[in-house]
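Please look at the sequence and the structure below before reading on. The report that follows is written for someone meeting this kind of description for the first time.

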Amino acid sequence: MISPTMEQGESLRIRVVMGKDRISELPDGLLLKILSSLPTNIVVATSVLSKQWRSLWKLVPNLEFDSDDYESEHYTFSEIVCKSFLSHKAPVLESFRLKFVNFNPVDIGLWVGIAFSRHLRELVLDFYPAELGRGVTFTFPSSLCTCNTLETLKLVLCILVDIPSPVLMKSLRTLHLEFVRYKDESSVRNLLSGCPGLEELRLYRGDDSDIKVFTIEVPSLQRLTIHDNNDGPEFWGYVINAPFLKYLLIEELRCPEFCLNAPELVEANIAEVTSITIEKFLGSFTSVSRLLLNLSPLKITYPTGSMFYQLVSLEMYTREAEWWNLLTLMLENSPKLQVLKLTDVRHFIISQLAIFYSLGNAIH
């Protein structure tokens, strides 16, 4: 078991001495839920409180390590994580979260392998190198895509996704890829095709040109978030084939092309689209019933002949010039519109208008 720092131990002891230890009177099941919300170094520190707490931390179903939080004269960060796994006894590991500045791939592979053997359900790897931007990456290989119990996978920052062949993570429901890099387009396809039950995908991309076309072909996908400020000359755009997609959030998009097939889409929030000029963009959202638009009409051409037959609620931001032209066209082609919300934002909301429509009373 890891010895807690002197400061943590003294702080916890003082709290018990100054008053009655009511927390220890709680059942172990509730205590484990409380401890599950804390970082592992704090959880381990509770072992000094009493005999009841001495081994309780070993059953906490979550392990969370941040290399910035561990400074010891006696142990390295790698030794601390290893000792924690050796002492940990929870039969099912709900989550394993690892944020690291430096890494040994053998160590990380070992830790993830142990977590998989404990029926891991959530894995978060966050690599933040000391010299950010120097091209240092941790390669997330296909050998780590082998856990049948994994439901959530989050990869953050300087991680290279290298998946040369199809994988299978049949239980994965949630996937976050936040500012990671990809070896090639095949790595993207092999990863996504290996998640037959994937329901939520959050994609954040930085200013890089690692692949030309980002293909998302996931029949089971229901929620998709895209934040992409990649305007490199080699990046063409997105091809999305998600027949059961219900919700789409685009927070930023700078690519020149965007191809979407989502006939069951119900709600779409579109903001900060700055490069797309094709008519087909808005035409991809004719099936939605709720639509938020925060974009420049000067750069988005209205799809001639497109009708928004299902649109019931429309919210538009009016900060751009000539926004009225786009609004007029939307109203003329939305026969079922009932709610209209116009928002003018200049650092804060200065006006907000809600207009309620009766069926068939759209503005012409």
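What follows describes the nonpolar cores, the aromatic rings, the charged pairs and one helix in turn.

This is a predicted model, in which local features need pLDDT of at least 70 and side-chain atom pairs count only at pLDDT 80 or more, while totals for chains, interfaces and linings use all residues. Residues are numbered from 1 along each chain as its sequence is written, and side-chain values use heavy atoms, with hydrogens and water left out.

## Nonpolar cores

In soluble globular proteins, nonpolar side chains tend to be buried together. A nonpolar core is here a set of buried Ala, Val, Leu, Ile, Met, Phe, Trp, Tyr and Cys residues joined through side-chain atoms within 4.5 Å; buried means under 20% relative accessible area, exposed means over 50%, and partly exposed lies in between, with a 1.4 Å probe and protein chains only. The largest nonpolar core has 86 residues, and the members that touch the most others are Phe-96, Ile-216, Tyr-238, Phe-258 and Phe-285. Helix α6, residues 105-117, gives the largest share of this core, namely five residues. Helices (H or I, at least four residues) and strands (E, at least two) are DSSP runs, numbered from the N terminus. Another core, of nine residues, lies apart from it and includes Leu-31, Leu-32, Val-44 and Val-60.

Which residues are in contact with Ile-216, leaving aside its neighbours within four places in sequence? Among them are Leu-192, Leu-201, Leu-221 and Tyr-238, where contact means heavy atoms within 4.5 Å.

## Aromatic rings

A pair of aromatic rings is described by the distance of the centres and the angle of the planes. Rings of Phe, Tyr and Trp (its six-membered ring) pair if their centres lie within 6.5 Å, and planes under 30 degrees apart count as stacked, over 60 as edge-to-face and the rest as tilted. The structure holds 14 aromatic pairs. Phe-100 and Phe-127 are stacked, because their ring centres are 5.0 Å apart and their planes are at 10 degrees. This pair links distant parts of the chain, since Phe-100 is in strand β2 and Phe-127 is in strand β3, 27 residues apart, and both rings belong to buried residues.

Tyr-238 and Phe-258 form a tilted pair, with 6.5 Å from centre to centre and 55 degrees between the planes. Here too distant parts of the chain are linked, with Tyr-238 in strand β12 and Phe-258 in strand β14, 20 residues apart. Tyr-238 is buried, with a relative accessible area of 0%, and Phe-258 is buried at 2%. Ring pairs join these two with Tyr-182, Phe-214 and Phe-235 into a cluster.

A charge sits over a ring if NZ of Lys or CZ of Arg is within 6 Å of the ring centre and within 35 degrees of the ring normal. Arg-205 lies over the face of Phe-235, 4.5 Å from the ring centre, and the charged end of Arg-223 sits over the ring of Tyr-247, 4.2 Å from its centre.

## Charged and polar pairs

Side chains of opposite charge can pair when their charged atoms come close. A salt bridge is a side-chain nitrogen of Lys or Arg within 4 Å of a carboxyl oxygen of Asp or Glu, and a search of the whole structure finds 10 of them. The table gives some examples.

| Salt bridge | N to O distance |
|---|---|
| Asp-162 and Lys-183 | 3.9 Å |
| Glu-185 and Arg-189 | 3.9 Å |
| Arg-202 and Glu-200 | 2.7 Å |

Asp-162 counts as buried at 18% relative accessibility, as does Glu-200 at 18%, whereas Arg-202 is partly exposed at 33%. In addition, Arg-97, Glu-122 and Lys-154 are linked in a network of salt bridges.

A polar contact is a pair of N or O atoms within 3.5 Å; within protein, one must be able to donate a hydrogen and the other to accept it, and residues adjacent in sequence count only if both atoms are side-chain atoms. The side chains of His-227 and Glu-252 are joined by a polar contact of 3.3 Å, and His-227 is found in strand β11.

## Helix α7

Glu-185 and Arg-189 both lie in helix α7, four residues apart, about one turn of the helix. Glu-185 counts as partly exposed at 26% relative accessibility, and Arg-189 also counts as partly exposed, at 39%. The buried residues of α7 are Ser-187, Val-188, Asn-190, Leu-191 and Leu-192, and what covers them includes β6, β7, β8, β9 and β10. At the N-terminal end of α7, Asp-184 acts as a cap, with a side-chain oxygen 3.3 Å from the backbone nitrogen of Ser-186.
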